[in-house]
There are 2 protein chains.
Amino acid sequence: MISLYDIGELKTILDERRVSSGDSVRRLHSHDESFHAPVLPDVVVWPHTTDEVSRIVRFACRHKVPVTAWGAGTSLEGNPIPVKNGIVIDFNEMNHIIEVRPEDFQVDVQAGVIYKELNKSLTGEGLFFPPDPGAAATIGGMIGNNASGIRSVRYGATRDYVMRMVVVLPNGDVIRTGNRARKCSSGYNLTALFVGSEGTLGIVTEATLKLVGLPVNYMAVRATFPAVFNATDAVYSIMRAGLTPSAMEFLDANVVHVLNHDRGLKLEENPTLLMEFHGFSNQGLMEEMNFVEEICRTNEALSIDCGIGAEERARLWEIRHQTYESIKRYHPGLAPLIMDVAVPISRYSEMVAFCRREVGDLTAYLFGHAGDGNIHVHVVDDPQDKKRWARVEESGNNIVMKALEFEGTCTGEHGIGIGKCRYMQTEHGESLALMKQLKKLLDPDNLFNPGKFFL
Amino acid sequence: MISLYDIGELKTILDERRVSSGDSVRRLHSHDESFHAPVLPDVVVWPHTTDEVSRIVRFACRHKVPVTAWGAGTSLEGNPIPVKNGIVIDFNEMNHIIEVRPEDFQVDVQAGVIYKELNKSLTGEGLFFPPDPGAAATIGGMIGNNASGIRSVRYGATRDYVMRMVVVLPNGDVIRTGNRARKCSSGYNLTALFVGSEGTLGIVTEATLKLVGLPVNYMAVRATFPAVFNATDAVYSIMRAGLTPSAMEFLDANVVHVLNHDRGLKLEENPTLLMEFHGFSNQGLMEEMNFVEEICRTNEALSIDCGIGAEERARLWEIRHQTYESIKRYHPGLAPLIMDVAVPISRYSEMVAFCRREVGDLTAYLFGHAGDGNIHVHVVDDPQDKKRWARVEESGNNIVMKALEFEGTCTGEHGIGIGKCRYMQTEHGESLALMKQLKKLLDPDNLFNPGKFFL
């Protein structure tokens, strides 16, 4: 591939320091955090401006070279792996917060900004950007995957927070979508089309994000249950009662076991729910807390720990942070296959039970954003052991097919990447043809993140 | 036009009763509630099924006849006026609630369902569909225009509630978009692309809507202020304080005057704010109410009336219902031009002041969804008086241009229709070319609601 175009020419667009085809750099950009096989790009570039991105893309277009955008490499479906080699555009140096507009509850950022850092810098303004996928993801990556995480049950996904974008199209043209008004009925919603398209239709270089006022007060509940279905039934009752949790996480006993081991905790190793509520008044949160406790008790909770205030929230939720990393440390040398199906919430208990049966004796951890019907089955094993890994993949396949049978989706928040291409036809049916037409319209030479989405 | 195809052939698709080219029927489908000039369709049809819609569209496609979808005809920008004649598809008889799934907070409906009737039928389940544009709109029409209304400050617009759709494409093909999971990162978001496209890309025949639990409790505040800027500044302070109003409406003194006259009320004729808050606990709402009162007082409120509970909410809000109809009754024989700009909320006070100056001595009413930065300037005059009407349109034009200068939009919720086509280039810039490409891809013969969106 590398011989078909002159990498040196890229150095006329960016200064030399920001163009690299060194082995270690290429290796760093050959894999994300999934088990998918690494593939080396030909070259990695670090633009500073939209104009530079546009010129890189025009160069790629001229030479018919694949282009893959790169955020933090924290995705879980092989989304940014440059499976057809070519140019990787790393947004690491395009990480400026352009303007905070607290008076409009908005911020303008470059695509390489890490959302956790963004939120740190917004605390002083009493504002935050709610989607919270956990890893050190960039805004560009979150837009690409329509990332969400623990707070989407109340606040929605990244899609709900992107007001405007600057997008470089596959021909190098630059467009601006959206506006700064909180509501809009003007024209086709291009913003929503690009969000979640994983860099296959365009590359987002800047975005205006909607912000939300930091909660005035917090309430949190941690409850354990004798069986998974008690926990998941409690989730349903809480949602149905008109309560509006800001986060509602399910952890199975295996996850709690790992957390005890990895962090030296002494939690009961039972199916566990972690819940968070945001509110204005102490008294109001107290009433909600009593009601949640009552629902948990009705669902045979073994233990309920709860409290009001930011400190209580931190205490009760501390265990949830870095669940992914704890599991990784607990199984050195093994790789994860992390399923990410989402189903209508009435099917959540059934779906969780199906997952547990399906993984059988594999080493599997179940946790998820229960309030959204999103379940992660985290299986660890050795991808080199072909027979065992085939069994891992078969269970993943069966779980996805069951989620689709329940009219859910093969991916709640991790995206299609490499791993989910094969479910696109089953999930989208006749719509897939239209998706392919859109791809062809925007990217006729299939240069933007090729090898993803479509088989 | 009518001679180019045989209307009789439509009677082989639908029974005779559901195909009409009678004058009165055509006249009823020639105008919406705007001032835009009526245009007669050739024929009106009332399908019962998606398959019938598909067959009608295939017929139209064969004969290159325009097709315009028709909901309740309550739009305000000429959105469904069949400006190129052809076939109007009236969804009035496709108005079945297919399935309520309370356990999933979802409902499946045909496009002709009236949202107010849907909400009535959902009350028993303790659920509702939040977008509330006021008129007797159909779900299909709301999807076409991405309608919203008074509750979007908390609950968002129609776009935020459409999970799945059945869409008939301009070639007659039927696709299904979306799924039943509350979160999804799978594939291009076709649902969001069709919502707000005003029947120019596809015709929605069925939809799955997300529902929300009815609020457990209500709190409402009605406050009057000496000047418009006091009211609009109060809006901003309330939003900034971390309170989450469910509705926040501004009415200027002229609107209150008309309401007093039309309903025999005795309200103070001053700039007025109507606010609604939803919550779980009485005590919590009481604390919020005290805080809102304090903010209103700081902004020099002349009067504050407030209360907790559904009855108090109804009492305080009663005046807001049918504002549009009251103004209409107050000026018999005159027509309205209703502007619908939205701006970033920091610009709201300035925008409202600009609108007031701009309309000068025209008969104008200002009201709007203040929490969203959406302002309606409702001017009444005689469209036959060319000179006066030119002055009305000029003020409308200046107001839109100012909103765009403020990085807002020419339409917050009424859509592009006929009236806003000319702002598409200014508002969307280079993005407009891509919108045109999408239209061309899906509707190469420009048969779906032609004469809208693009000049």
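Visitor: What makes the crossing of H8(B) and H10(B) a right-handed one?

Guide: In this predicted model, H8(B) passes H10(B) in a right-handed crossing. A crossing is given that name if the near helix is turned clockwise from the far one. Helix H8 of chain B, residues 228–240, packs against H10(B) at an angle of about 140°, and the axes are 9 Å apart.

Visitor: Which residues make that contact, and how do they divide into nonpolar, polar and charged?

Guide: H8(B) brings Ala234(B), Ser237(B) and Ile238(B), while H10(B) brings Val292(B), Ile295(B) and Cys296(B). The division is 5 nonpolar, 1 polar and no charged.

Visitor: Why are H8(A) and H13(A) called roughly antiparallel?

Guide: Helix H8 (residues 228–240) and helix H13 (residues 348–359) of chain A pack at an angle of about 155°, with axes 9 Å apart. Angles over 145 degrees count as roughly antiparallel, and H8(A) and H13(A) therefore get that label. Their crossing is right-handed.

Visitor: What makes up the contact of H8(A) with H13(A)?

Guide: From H8(A) come Val228(A), Phe229(A), Thr232(A), Asp233(A), Val235(A) and Tyr236(A). From H13(A) come Tyr348(A), Ser349(A), Val352(A), Ala353(A) and Arg356(A). These divide into 7 nonpolar, 2 polar and 2 charged residues.

Visitor: How do you know that chain A is as compact as a globular protein of its length?

Guide: The radius of gyration of chain A is 22 Å, and the globule rule gives 23 Å for 455 residues; the two values are close, so chain A is as compact as a globular protein of that length. The chain has 16 helices and 19 strands. Its C-alpha atoms fill a box of roughly 65 × 60 × 45 Å along the principal axes. Of the 455 residues, 58% count as buried. Among contacts in chain A between residues at least 6 apart in sequence, 71% join residues at least 24 apart.

Visitor: Why is Gly86(A) called buried?

Guide: Gly86(A) has 23 C-beta neighbours inside 10 Å, and the cut-off for buried is 20 or more. Gly86(A) therefore counts as buried. The residue is found in the loop between E3 and strand E4 (87–90) of chain A. Its C-alpha atom is separated by 5.5 Å from that of Val65(A), although the two are 21 residues apart along the chain.

Visitor: Is Lys64(A) buried or exposed, and what makes it so?

Guide: With 12 C-beta neighbours inside 10 Å, Lys64(A) counts as exposed, since the limit for that class is 12 or fewer. Lys64(A) lies in the loop between helix H3 (50–63) and strand E3 (67–70) of chain A. Its phi is positive, about 55°, although the residue is not a glycine.

Visitor: Why is Asn446(B) called partly exposed?

Guide: Asn446(B) has 16 C-beta neighbours inside 10 Å. Exposed needs 12 or fewer and buried needs 20 or more, so Asn446(B) counts as partly exposed. Asn446(B) sits in the segment after H16 of chain B. Phi of Asn446(B) is near 50°, a positive value in a residue other than glycine.

Visitor: How many residues does each chain give to the contact between chain A and chain B, and what gives the most on the side of chain B?

Guide: The contact takes 70 residues from chain B and 70 residues from chain A. Among the elements of chain B that each supply at least two residues to that side are strand E9 (174–178), helix H10 (282–298) and helix H16 (431–442). H16(B) gives the most, with 6 residues. The side of chain B that touches chain A divides into 23 nonpolar, 32 polar and 15 charged residues.

Definitions and conventions:
Residues are numbered from 1 along each chain as its sequence is written. Chains are lettered from A and ligands numbered from 1 in the order in which they are written. This is a predicted model: local features need pLDDT of at least 70, side-chain atom pairs count only at pLDDT 80 or more; totals for chains, interfaces and linings use all residues. Two residues are in contact if their C-beta atoms, placed from the backbone, lie within 7 Å. Helices (H or I, at least four residues) and strands (E, at least two) are DSSP runs, numbered from the N terminus. Ala, Val, Leu, Ile, Met, Phe, Trp, Tyr, Cys and Pro count as nonpolar, Asp, Glu, Lys and Arg as charged, and the others, Gly among them, as polar. The radius of gyration is taken over C-alpha atoms; the globule rule is 2.2 Å times the number of residues to the power 0.38. Axes are lines fitted to C-alpha atoms, for helices over the stretch in contact, and angles run from 0 to 180 degrees between N-to-C directions. Angles under 35 degrees count as roughly parallel, over 145 as roughly antiparallel, 65 to 115 as roughly perpendicular and the rest as oblique.
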